[in-house]
Amino acid sequence: MSVPQIKLSKITKTFPGVRALSEVDLALYPGQVTALIGENGAGKSTLVKTMTGIYQPDGGEIFVAGKAVNLQSPHAAFQLGITAIHQETVLFDELTVAENIFLGHSPKTRFNLIDWVEMNSRARALLDDIGASHIATDVRLKDVSIANKHLVAVARALSIEADVVIMDEPTAALSYKEIEDLFTLVEKLKSDGKAILFISHKFDEIYRLADRYTVFRDGEMVGEGLLADTPQNEIVEMMVGRSVEQIFPSRTLDIGEPILTVQNFSHPTEFADISFDLHKGEILGFYGLVGAGRSEVMQALFGMTHGTSGVITSQGKTISPKSPAEAIQSGIVYLPEERGKQGVILDLPIFQNISLPSLSTTSRNGFLRMAKEFELARTYATRLDLRAASLDQHAGTLSGGNQQKVVIAKWLAIQPNIIILDEPTKGIDIGSKAAVHAFMGELVEQGLSVIMVSSEIPEVLGMSDRVVVMREGRMASVFNNDDTLTAETLIRCAAGIEEQAA
Amino acid sequence: MTEQNAQNRNIADRLNTPLHSAVFSWPTLLLVVAIGLFILNVFASPYFLSPWALSDATFNFTEKAIIAFAMALLIISGEIDLSVAAIIALSSTMMGLALQFGVGTPTLVLIGTLTGLACGVFNGLLVTGLGLPSIVITIGTMSFFRGISFMILGDKAFNGYPESFAFFGQGYVWWVISFEFVLFIIIALAYYILLHRTNFGRHVFAIGNNPVAAQFSGVRVARVKFLLFCLVGLMSGIAAVLLTSRLGSTRPSIAQGWELEVITMVVLGGVAILGGSGTIQGVFVAAFVMGLISFGLGLLNVPGIVMSIFIGALLIVVIALPILTNMLKERRL
């Protein structure tokens, strides 16, 4: 076989508390498409950022065309002919199409000024090349449709003499027709002899385009080979792994009456026809790929989103929360995914964070009673085993896991009926994870109902009584989490792969 | 703290006692500055220590401080109102207009305060309704309000306010204690309680630190901000009554440039210009500091234009100070 155009050898990258990549290998060959496959958080994005010079690896080597290189900046990667097309591209609305394509490396005249004629003609050629002859080069980007913007981004990526093209979920935001066009383009790049890395969650795309595959799991490379020799089942098994057993608290199922009924819940753009029941004492898991609309549904239930339709019944009463304050009054609370932005208030003391939604009970006639606030904060901080020096230290001084405990304490303190947890253990250490899981078990035993949005399959399978799977803003399926429900089933359902006859 | 201590789950309420925190705080430092300025003034003029001179000195800041307390809450919440001086002009003009129809003192006071409140409602609706930055909106309403005032008055002035109306800006409650000073103390106490002792005040801090997380915690962010604009408008209306009563006339250029002095007072009082933190105690002491500075400069016969340079420089220094200390801290780390 020929020499790989780019070869990564034993690349390691660690972030504080997390080993994002652990001695991974990857090789891309000219004229071949390699699919990079893995769950959310498997390390795919970190790898892309390492290959494009945004991150520096802590260990390992990168070879381009057989020579060891050091990609110390995006510019260095650019010059070595490595380019990436991202899911969401950063382009500039107020600049023209040609300017967007050549920003940072525009052709210059003798006087070191931009050579507009040359730039426009080269932009024209690039666009024609990728089948986008309908896009004018001199219009401002804001007047170009979303799909065409994506083509401009592709043209920008190809405006350097690239030998390695990385496509990070390029089809995520495209319609069916546009995806077809993109496939044609990939075939063309392939026949031009480019080495292509194709990242996608969609198996039909992978099997259609890619020649080779590499599977990542938890920051490690767990398999690679030729797609033609490998059935889907085998790849799904590699993605999930067999031995990532975590200990989840066992509990006796004691599920009561429905406490929350959602019928035909829809939003004009984000989701449609969501209907489910949540029972007393139940943990209802929500699984899906990133962008499936799970958080959007939950934030709408919590009154953050306007313009929804459908019927929500909580404890026999029809509710339509128009603000979080109203949702909280109906006993529904929401623990947001973005802890730092939406969850804790970093510069307020711990006790004030915890008491914020409970002020109406700790205060008297609108006047604060600090002693009550400290008492409340102490009760829940102790229950959650919060590690802090004092309750008046700023929440921002705590570790991520302990910040999450502050947010959970805040919500438990109002004694809700329903608690919605959006990625409750994302980005926190193993110890805090176990504490959060144990606590969820306690909650339902006390008769609370929990909705848990999670992208981590072991967590979904380990904690949920039932699992709702969402795909592209709709409910794909609801599963009872008995012994027959497997990770493979969930992944298939979320990615839209037909169940194969065994 | 060691790992073992953490295992005991003994989390203290506070690391420092409230007294310790109060001693090592900005308002305390500011108080030292105020005392220093006081002593300087004593040396600058032999007449300064007389009770009547001291009483006179308070008129320099009481009206501005009354607005500054409400402005402090607004800035802590992450918003600002640059139109306060223009609100004074409009309120004063409305009172003068009403005067032409021969209304009595109670009606005049009511019109002055209600005009201020109405301006606050207007600002609040624009900011919370449009979701635009308040600095932009209130620059707009600043020229809008004062523009109306100019349109009504031109280069003329309203005079001839009734004698009973003079009490608010010139009257004394007891001996040298003026009505304005008493009102200043009462309003300071009211805002201290509102900001530091009520749920509303806690919501203001939460919003200023992180409006998104506050919203997610069930705080009605838009409502709180709207009410703060109303309060600032109302206080500007009250200040308009006091100032008009003290001057005994209304010109469209009344209170020109006061918005800067009010904001300087707030920032000097330790309120973070980007929101999130601050105290009423700080603003209270800052009012005295500003009063002493302008009184001292007045005693030295410093012309008004130099005073305005001084106020501008002070504003820049107090805004830059926390940023510079942070830079120094980071360099040391």
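These notebook entries record what I looked up on two contact regions of a predicted model.

**Entry 1. Domains of chain A.** I began with the division of chain A. Domain 1 covers 6-240, domain 2 joins 245-331 with 416-502, and domain 3 covers 342-415. I then took the C-alpha centres of domain 1 and domain 2 of chain A, which lie 34 Å apart.

**Entry 2. Domain 1 against domain 2.** I looked up the contacts between these two domains of chain A and found ten residues of domain 1 touching 13 residues of domain 2. The area they bury between them is about 1,100 Å², with 59% of it on carbon and sulfur atoms. I next searched for salt bridges between domain 1 and domain 2 of chain A, and the count was zero. The search for residue pairs in polar contact, both at pLDDT 80 or more, also gave zero for these two domains. On the domain 1 side, I noted that helix 8 (residues 232-240) of chain A gives the most, with six residues. I sorted that side by class and recorded four nonpolar, four polar and two charged residues.

**Entry 3. Chain A against chain B: extent.** I turned to the two chains. In this interface, 46 residues of chain A are in contact with 30 residues of chain B. Chain A and chain B bury about 3,100 Å² between them, and carbon and sulfur atoms give 56% of that area. I asked which residues of chain A lose the most area to chain B. They are A:L356, A:L368 and A:R387, which together make up 16% of what the chain A side buries.

**Entry 4. Chain A against chain B: polar pairs.** I applied the salt-bridge rule across the interface of chain A and chain B, and it returned two. I inspected the pair B:R202 and A:E373, whose side chains meet in a salt bridge at 2.6 Å, N to O. For polar contacts between the chains, I recorded twelve residue pairs, both residues at pLDDT 80 or more.

**Entry 5. Chain A against chain B: make-up of the chain A side.** I listed the helices of chain A that each supply at least two residues of the side touching chain B: helix 10 (324-329), helix 11 (339-343), helix 12 (350-355), helix 13 (359-362), helix 14 (370-383) and helix 15 (400-412). Helix 14 of chain A provides the largest share of that side, six residues. By class, I recorded 24 nonpolar, 13 polar and nine charged residues on the side of chain A that touches chain B.

Methods
Residues are numbered from 1 along each chain as its sequence is written. Chains are lettered from A and ligands numbered from 1 in the order in which they are written. This is a predicted model: local features need pLDDT of at least 70, side-chain atom pairs count only at pLDDT 80 or more; totals for chains, interfaces and linings use all residues. Side-chain values use heavy atoms; hydrogens and water are left out. Domain bounds come from an automatic or database domain assignment. Contact means heavy atoms within 4.5 Å. Buried area is the accessible area (1.4 Å probe) that two parts lose on being put together, summed over both. A salt bridge is a side-chain nitrogen of Lys or Arg within 4 Å of a carboxyl oxygen of Asp or Glu. A polar contact is a pair of N or O atoms within 3.5 Å; within protein, one must be able to donate a hydrogen and the other to accept it, and residues adjacent in sequence count only if both atoms are side-chain atoms. Helices (H or I, at least four residues) and strands (E, at least two) are DSSP runs, numbered from the N terminus. Ala, Val, Leu, Ile, Met, Phe, Trp, Tyr, Cys and Pro count as nonpolar, Asp, Glu, Lys and Arg as charged, and the others, Gly among them, as polar.
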